[in-house]
Amino acid sequence: MMTDFTRDKPIYSQLVDRICGDIIKEHLRLGDKLPSVREYAVQSGVNVNTVQRVYKELELMQLTETKRGQGTFITSNEQRLLELRDSMKEQLAESFLASIASFGFSKEEMLQLLQRKG
C-alpha cells in the first residue's frame, strides 16, 4: 500500500495522524501489534528513518509501547485512547470553526445546515 502525502505537512506527521485515525476508528485496538519499522516503511513507501520517527512520536504520545525483541504495540491503556479521541474531536472542531470564520459564516447558520444534512 503506497501512500499519497500532502506537501503542507511533514510525512512523519501525516503517518502519525493516519495511525491515530486508525486507533480512533478502531481499525487498531488496544494491544494490537504494529508492523515492524521495515514492513511499515515498505507499506507506506517511505524511508525506514521516517517510520522510526513515527513510532517514536507515537511512543512519546503514550499511544504505543515498544517491547524489546517483540515489536511495537498499541497501548493497553484504554483511558489514553479515550483522551486521544477527545483531543482529536477538539482539534477538528477548532479547525472547522476557524475555517467557517474565515469565510464569514456564523456557527448558527452552519449548525442549521448540519442539522438539515442529518
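# A walk from the Glu26 loop to helix H4

Let's start in the loop between H1 and helix H2 (37–44), where you'll find Glu26. Bear in mind that this is a predicted model. Glu26 has a phi near 65°, and that's a positive value in a residue other than glycine. At 48% relative accessibility, Glu26 counts as partly exposed, because "exposed" is kept for residues over 50%.

Step back from Glu26 and you're on H1, the helix that Glu26 follows. H1 has 14 residues and reaches 20 Å from its first C-alpha to its last, close to the 20 Å expected at 1.5 Å a residue. Its buried residues are Ser13, Gln14, Leu15, Val16, Ile19, Cys20, Gly21 and Ile23. And what sits over them? The cover for the buried residues of H1 includes H2, H3, S2 and H4.

H4 is a good place to go next. This helix runs over residues 78–102, so to speak a 25-residue stretch by the DSSP runs used here. From first C-alpha to last, H4 reaches 36 Å, close to the 36 Å expected at 1.5 Å a residue. Look at the N-terminal end of H4 and you'll see Asn77 acting as a cap, with a side-chain oxygen 3.0 Å from the backbone nitrogen of Gln79. After the other end of the helix comes Gly104, whose phi is positive, near 85°. The buried residues of H4 are Arg80, Leu81, Leu84, Met88 and Ile100, and their cover includes helix H1 (11–24), strand S2 (71–74) and helix H5 (107–117).

Now pick out Arg85, which is found in helix H4. Arg85 is partly exposed, with a relative accessible area of 40%. Its C-alpha is separated by 9.3 Å from that of Lys25, although the two residues are 60 apart along the chain.

Arg85 also takes us to the largest pocket, since we meet it again in the lining there. The residues lining this pocket are Ile23, Ile24, Glu26, Leu28, Arg29, Leu30, Glu78, Leu81, Leu82 and Arg85. The elements that give two or more residues to the lining are H1 and H4, and H4 makes the largest contribution, with 4 residues. So what is the mix of classes in the lining? You get 6 nonpolar residues, 4 charged ones and no polar ones. The volume of the largest pocket is about 210 Å³. Glu26, where we began, is among the lining residues too.

Over on the other side of our tour is the loop between helix H3 (48–60) and S1, which holds Gln62. Gln62 has a positive phi of about 60° although it is not a glycine. Is Gln62 buried or exposed? At 52% relative accessibility, Gln62 counts as exposed, because the cut-off is over 50%.

Our last stop is Thr64, in strand S1 (residues 64–67). Thr64 has a relative accessible area of 4%, so it counts as buried, the limit being under 20%. Which residues does Thr64 touch, leaving aside its neighbours within four places in sequence? They are Leu34, Tyr55, Leu58, Glu59, Thr72, Phe73, Ile74 and Thr75. With Glu59 there is a polar detail to look for: the backbone nitrogen of Glu59 lies 3.3 Å from a polar atom of the Thr64 side chain.

Notes:
Residues numbered from 1 in each chain as written. Predicted model: local features only at pLDDT ≥ 70, side-chain atom pairs only at ≥ 80, totals over all residues. Heavy atoms only, no water. Expected span 1.5 Å × (residues − 1). Buried < 20%, exposed > 50% of the residue type's maximum accessible area, 1.4 Å probe, protein only. Contact = heavy atoms within 4.5 Å. Polar contact = N/O pair within 3.5 Å; in protein donor to acceptor, adjacent residues only side chain to side chain. 1 Å grid on protein atoms, 1.4 Å probe; cavity = no way out; pocket = protein on both sides within 12 Å on 5 of 7 lines; lining within 4 Å. Points joined across faces, edges and corners; volume = space filled by probe spheres on them. Nonpolar A, V, L, I, M, F, W, Y, C, P; charged D, E, K, R; others polar.
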